[in-house]
Amino acid sequence: MCAIIGSSDLNTLKELIELNSYRGSLSYSFSLFNTYSNTLHVLKRKLGTINLDSLFIPANSYCIVHIQAPTTDAKDVDSIHPAAIPGTTSEFPDMALWHNGIIKQDTVKENIN
């Protein structure tokens, strides 16, 4: 089970994370979409519970948080969403997919072409 949460307001983001925390605590990702430059930054992909006090949303940004309790046997950093198709670096993917189900990385790559 997992939850996908998004907001440009830090207080709303924290409230939504707390309300959905029962949906997963094994890992999380923290991504920012800059609405000014139209760039996506996948800043964190970590095992463990998200630290709400460490969150910050810069101006002109929309934050997407994915908290996860995997439904598969994969329980490592590589299994943390978003499934990203790297651009210049994995921090700046060309595309990213957050999902609430089982979609394999190979399937994501196969279907973007």
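How many bridges join strand E2 to strand E4? The count is 8, and the two strands, residues 27-34 and residues 61-68, run antiparallel. Strands here are DSSP runs of E with at least two residues, helices are runs of H or I with at least four, and both are numbered from the N terminus. Two strands pair if DSSP finds at least two bridges between them.

A word on the model. It is predicted, so local features need pLDDT of at least 70 and side-chain atom pairs count only at pLDDT 80 or more, while totals for chains, interfaces and linings use all residues. Residues are numbered from 1 along each chain as its sequence is written, and side-chain values use heavy atoms, with hydrogens and water left out.

Now the whole sheet. It is open, has 4 strands, and follows the order E1-E4-E2-E3 with antiparallel pairing. Strand E1 (2-7) and strand E3 (39-47) stand at the edges; each has a single partner strand, so one side of each lacks a neighbour in the sheet. From one strand to the next, the twist averages 15°. Strands of a sheet pair through backbone hydrogen bonds, either parallel or antiparallel.

Take the pairs in turn. Between E2 and E4, Tyr-28 stands opposite Ile-67 in E4. Helix H1 (residues 10-20) packs on the sheet and touches E1, E2 and E4. Contact here means heavy atoms within 4.5 Å. The direction of H1 makes about 165° with that of E1. Axes are lines fitted to C-alpha atoms, for helices over the stretch in contact, and angles run from 0 to 180 degrees between N-to-C directions.

On to E2 and E3. They pair in the antiparallel sense over 8 bridges. Phe-30 stands opposite Lys-44 in E3. The two strands form a hairpin with 4 residues between them. In that turn, Asn-38 has a positive phi of about 55°.

E1 and E4 also run antiparallel, joined by 6 bridges. Here Ser-7 has Cys-63 in E4 as its bridge partner.

How covered is E4? Mostly: 7 of its 8 residues are buried. Buried means under 20% relative accessible area, exposed means over 50%, and partly exposed lies in between (1.4 Å probe, protein chains only). In strand E2 we find Ser-31. Ser-31 counts as buried because its relative accessibility is 0%. Ser-31 and Tyr-62 are 31 residues apart in sequence, yet 8.4 Å apart in space, C-alpha to C-alpha.
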